[in-house]
Every structure is written in structure tokens, then in C-alpha cells.
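This briefing is meant to be read beside the sequence and the coordinates. It takes up aromatic pairs, the chain interface, salt bridges and two individual helix residues.

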Amino acid sequence: MTTELFIQYLMAGITYGSIYAIVAIGFNIIYNTTGIINFAQGEFVMFGGMIAISLLQYMPMPLAIILAVLITMLIGALIEVCFIRWLKSPSVLRLIIITIGISIISREVAVHIWGESIRSLPYFVGNEISSVAVFGARVSSQVFWVIAASALMVVCLGIFFKTTSVGREMRACASNRKAATLCGINTQNMVTLSFVLSAGIGALAGCVMSPITHSQYDMGTGLAIKGFTVAILGGLGSSGGAVAAGLLLGILEAFSVSVVPLAFQDAISIAILLIILFVRPQGLFGSKEAAGLSEF
Amino acid sequence: MKKLLSVLPLLAVVIGIHFLASATDTMYYLTQMTMSAYYALLIIGLCVLMGYAGQISLGHAGFFAIGGYLSAALTTHSLVSYQDNAVVSFLDSAGMLLAGHDLYGEAILVVSPWAACIVAVCTAAIIAVVIGIPVLKLKGHYLAMATLGFGIIIYRVALALEYFGEADGISEVPAFVLLPGLSVSGNFSDRVQNYYIAWGLLLIGMVLLLNLIDSRVGRALRGIHGSDEAADAMGVNTSGFKLQTFVLSAVFAAIAGVFLTHYNGGIGPSEAGVMKSVRYVAIVAVGGMAHLWGALLMGIVLNFLSLRGVFGSYDDAVFGLILILIMLFAPNGILSLNIRHRLKQLLGRGKTDKEGEV
């Protein structure tokens, strides 16, 4: 393999990997505050991209993206308030099935609004054929937007959770919900907020990735599976782990193309998920206690 | 024996539907009833796994597809060019191959449907064991994601392999001759006999499962559902029972797949899709998780409506909505909703009778 080809694969891997990492962080935010795995996480990404594409007819792109993210956040809040908030101590099986139902409904709403066609946002800078040279390899400029946006989101979330009082309240809620309630934190609002945050970062990821990967009504399930793989791989609930695992999976997947046919690419990441689940359910970086398997 | 008697009313209903259809000149309904019966066969199997053993599976369309695809591929793809192969000639000498002619009069050599059926169902069972041993150690979200992942892999394999016809699937699958004069096929002339084959199979499955859940195994499964650890402590072989139930439901799914594929004369990748698995789970949930009769009834009704095209382009949306509504308002299934009682309560005259709140 030549150096150029190697870098080409590497950049593609990092691009997809950072998207997976963002989806995984979306899983983690909701999981930490509620213990729910939101199967509709991929649909937030789809909504973000699709809404931005539709809004683009009426306004410049930065505004369309911001508005799309805000609308998706609203959808996230609505989902939590309508379907999750008022359930009294529901079983895990019930929550799984409800979020699966939400993801199906979201997909069906999308297909009836936007149809089955594949759409995409235009490139933020330049077009499909403009590229930047990196060590002799040609890389699309959008790749840097994806990587930068993902890195920015991770940093901002870190600052939010560490320094702001709302962020601290959410973390308190994550570590012990009852104790947080006793301290006067409105845990129900924290849960809603976690859905809003998770929808927001999903939507932003959906916008920046749209020029490269395109948006379609049914892109959610595949992304959710890979995001979940990454979340498990990095240790459920850990953001740093999600980034590392996301990049690992992205790069593995990119290089797998040179060995196995493209049609099996998805099957590979799912096979990784299954193997991880069987062998090390606490993730590569997580400790056994942190996995909290007995909680389920 | 009692179980055998308890399905007799159902048999009467089945015959009644036949007479009703022929009296009202709506025999074409029998076609969808036949297909619904095969789907219901899968659903009652899944019901025992989900409702009684408490293990969710989002990959059962995968087992259905393994059965359907293997049987279709074996009975359709000609082996003439491999005739010198040792395996093929062994199969031939064992009487498991059928020689014939295709549409253009060329000689073909395919696996006989009975042999193909056995191979398909056994393969599904073996895969269920191999997947089940590690998967059933998982719980909750992990189990759901792992089975979903398994379903997607099967879907991808069906889409990617030329042997399984890629996106087109396999068509022109020959009839499955069960006995001379009794064959599973989509021919008009065979419609009535196929209706009874499908329902006969479903009734047999029902009797088996009713017996199972009323036996020691059934009680053990309910114990596992209540609490894994408690059942374990009482000396129940929890992982063994879970695995057996998983394999049993996979076999039910595979048999349904084999028969429906021969009945339809083909199978496509959508049968292996995630949405199909979710739909089966939805139907089990609507029927009431631990309620075989509910699962059977809903399996027939919802599949029949869906196959008749009542839901139009909102087909998947309807199942998604049903799933959410049931899980929000009636997590024990629609039959558990005591409507009259609820209404009374709403009207403020709610005297709690012994059926009570669920």
C-alpha cells in the first residue's frame, strides 16, 4: 500500500469515525441520565440533515444549519415529554420497544415528507471535486469540517459538563438520581435536557456529514447500530472512550474495504459489535463495575 | 389431550372461514389467510421466547430468511454442472436430488424440497445455538442490540451474495410436494388445500407450545422471566432453558420461512429486513407478551390486514404506532385492557371488581 493510499484510507476512517463518535456520545448523554439506550438516536442525525436541506431554499446555509439543529432539539424534547416523562418506573424491555417505535415513526414521517430520494447539503467550501493535499493524498475540504465540528462538540460538551451548574446537575443526576432529587435538582428536567442535547449534537453531525455521506430517510438505523457499537466499545457512558473507539472503528472499517467487498462493510462493524458484546461487554476501556450489567 | 381439545374451537373457526369465504364468493381471502397463518407460526414461537422466557429478539426475521432462502436456493439452483462433485453424487445416490427440466427444456438437477426443508431448518437451529450461547448471556439493551445486529448481518448477506439473488431475491421456487397430491404452492387449484396445510401446521405448533408452557419447562421459563437469579438458585438450568426456547422459536421461524417461500414461489431480501423483525415483536406485544392465544389472534388479524393492503403506504408507520401505543398504555397487551372496567372508572363509578387493574 502506498503512503498516499494509506493516508486516503486513514482520513476516510477518521471522518466516519468522528461521526460514529458523535452518535455514540449522543447515546451516552441519554444513557447517563436515564439508563435508556435511545434506539432513535440515528433518526436525530437524519432529521438534522434533512431539515437543513429543506431550509436551504429559504435562507443561507449557516442559518439553515442552526435552525435545523434547534428544530431537532425541539423534536428531542417533544419525544421525551410525550413518550418517556410520564411513565412510572417502566421496565427496560418496555423502554427499548418504545424507542424502537419512535425510530420507526420518525422514519415514516421522514419518508412521507421528503420521499425516498437521496439528498445532500452542498459542500461548505468548494465543491465535490475541490480537494486539499495532505502528504500527497487528496482529501476533500468537507472532511476537515466534519473533524473540526466533532472535536468542537466534544470540547464544548466537556466544558459544559465540568464547569456550568446545569452540566454539574446533569452529572449529579447521572451518578445518583435519588440523591440528586434530594439535593433539589429537578431530575425530570435534566432527562428532558439530555434528550435535547443529544438531539442537538446528532443534528449538527447530520448537517456536517451530509455533503459527504448524503442524507436519506432510512440512514438512522445503520448509524444507530454503529454508534451503539462505538459506545459499547468505548465503555457505555464514557465520552473519551467513545471518541477513541469511534476513530478505531472508523479506521478499521475504512481499511477493511481493501480486504473484503464493500457490501460486507456494515456486516464487519456489526460483527465487531457482537464480538465485543460477547467477550468484553464493559468495553475496551471500561472497568467491569462501570459496565453495570447487573443494573438491567 | 386437553390441549388438543382446546384448539378444536379454532379448527372449527378455520373450517367456518373456509365455508364463509366460499359462500360469499371471496375465496381470494384464503390466500392472505394462508400467508398470515405462516407468519403467525413464527409469532407464536417468538411469543414463548419473549413472553415466557423474557428474552427479546430483534432478529427473528433472520431465522425466517435462513429457512426461506436456503430452501429456495437449494430447490431452485440447478446442480447439473456439479454432477461430478463427490457431494452432489452422494446426494443423488441418497435420493435427495430431483431431476427435471426448466422452462426452456434444459435438464436441471435440484435438491428435493423435503431434503431442502430439513437442511434449512437444521441450519437455522444450528445457527440459533451458535448465536444463542453468547447472546443469551446478555440482558436488556445489550440483548436487543445483539439480536438486531444478527438480523442485519443476515440481511446484508442475503443482499450481497449472488447465490441468494442479491436485491432481486430468488423467484420461481418450485412447489413443495408434501405427499403425492398434497403440495405447497401458489397455484389457484391448490388454494384450499394450502389453506388447510398452513392452518394445520399452525394448529400443531399451537398444541406443542401450549403443552410446553404448561409443563415443567414452562414453569421454569416463567421463573426465569420473574427473576433469573431466583430461578437459578432454585436449581433451574436458566441458560439451558433460555437456549432451548431460543432454538425452538428459531425453528418455528425457519419452518414458517420454508413453507411461505414455497407458497409464494419466491423470497426477497425484505423478508430479512429489520422492519420485519420489529413487526413480529410488535405483534407479540399487542397480543400481550405472555399470551399465546393473544399472539395468535393478533398475528392473524394484523398480518391479514397488512397483506390486504389496508394500511396502504402507512404499513410500517401503523406497526410503529401500534408498538408505541401498546407499550405506553397497555404493556400487558390489548386483551388485558378491560375496557368496560376502565370506562366505569373514568365515569367515577369504578367499583373494583375482581378482574381489577392490570
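What class of accessibility does A:Tyr16 have, and at what relative accessibility? In this predicted model, A:Tyr16 counts as partly exposed because its relative accessibility is 32%, a value that lies between the 20% under which a residue is buried and the 50% over which it is exposed. A:Tyr20, by contrast, has a relative accessibility of 3% and therefore counts as buried.

**Aromatic pairs**

- Over all chains, the search of the whole structure finds 23 aromatic pairs, and one of them is formed by A:Tyr16 and A:Tyr20, whose rings are tilted, with 6.4 Å from centre to centre and 50 degrees between the planes.
- Both of these tyrosines belong to helix α1 of chain A, which spans residues 3-34, and they are 4 residues apart, or about one turn of the helix.
- The rings of A:Phe27 and A:Phe228 have planes at 75 degrees and centres 6.0 Å apart, so this pair is classed as edge-to-face, the angle being over the cut-off of 60 degrees.
- Because A:Phe27 lies in helix α1 of chain A and A:Phe228 in helix α9 of chain A, the pair ties together parts that are 201 residues apart in sequence.
- A:Phe27 counts as buried at 0% relative accessibility, and A:Phe228 is likewise buried, with a relative accessible area of 0%.
- In chain B, a cluster linked by ring pairs includes B:Tyr38, B:Trp114, B:Phe176 and B:Phe259.

**Interface between chain A and chain B**

- The contact between the chains involves 41 residues of chain A and 37 residues of chain B.
- About 3600 Å² of area is buried between chain A and chain B, and carbon and sulfur atoms give 85% of that area.
- The rule finds 0 salt bridges across this interface, while 2 residue pairs, both at pLDDT 80 or more, are in polar contact between chain A and chain B.
- On the side of chain A that touches chain B, α4 (92-114), α9 (219-233) and α11 (265-279) of chain A each supply at least two residues, and α4(A) gives the most, with 14 residues.
- Sorted by class, that side of chain A has 34 nonpolar, 3 polar and 4 charged residues.

**Salt bridges**

- The search of the whole structure finds 5 salt bridges over all chains, and in one of them the side chains of A:Glu43 and A:Arg107 meet with an N to O distance of 3.5 Å.
- This pair links distant parts of the chain, since A:Glu43 is in helix α2 (residues 41-55) of chain A and A:Arg107 is in helix α4 of chain A, 64 residues apart.
- A:Glu43 counts as buried at 1% relative accessibility, and A:Arg107 counts as buried at 15%.
- A:Lys226 and A:Glu253 form another salt bridge, in which the closest N and O atoms are 3.4 Å apart.
- Because A:Glu253 lies in helix α10 (residues 239-256) of chain A and A:Lys226 in helix α9 of chain A, this salt bridge ties together parts that are 27 residues apart in sequence.
- A:Glu253 is buried, with a relative accessible area of 5%, and A:Lys226 is buried as well, with a relative accessible area of 10%.
- In chain B, B:Lys276 and B:Glu271 form a salt bridge with their closest N and O atoms 3.9 Å apart, and both partners are buried, B:Lys276 at 17% relative accessibility and B:Glu271 at 13%.
- B:Arg279, B:Asp315 and B:Asp316 are joined into one network by salt bridges that share partners.

**Two buried helix residues**

- A:Thr99 lies in helix α4 of chain A and counts as buried at 0% relative accessibility.
- Leaving aside residues up to four places away in sequence, A:Thr99 touches A:Ile36, A:Ile37, A:Asn38, A:Phe39 and A:Ala40.
- B:Ala61 lies in helix α4 (residues 60-76) of chain B and counts as buried at 0% relative accessibility.
- With residues up to four places away in sequence again left out, B:Ala61 touches both partners of a salt bridge, namely B:Glu271 and B:Lys276, as well as B:Ala272, B:Gly273, B:Ser277 and B:Tyr280.
- The C-alpha atoms of B:Ala61 and B:Ile152 are separated by 9.6 Å, although these residues are 91 residues apart along the chain.

Methods: Residues numbered from 1 in each chain as written. Chains lettered and ligands numbered in written order. Predicted model: local features only at pLDDT ≥ 70, side-chain atom pairs only at ≥ 80, totals over all residues. Heavy atoms only, no water. Contact = heavy atoms within 4.5 Å. Buried area = accessible area lost by both parts, 1.4 Å probe. Polar contact = N/O pair within 3.5 Å; in protein donor to acceptor, adjacent residues only side chain to side chain. Nonpolar A, V, L, I, M, F, W, Y, C, P; charged D, E, K, R; others polar. Phe/Tyr/Trp six-rings, centres within 6.5 Å; stacked < 30°, edge-to-face > 60°. Buried < 20%, exposed > 50% of the residue type's maximum accessible area, 1.4 Å probe, protein only.
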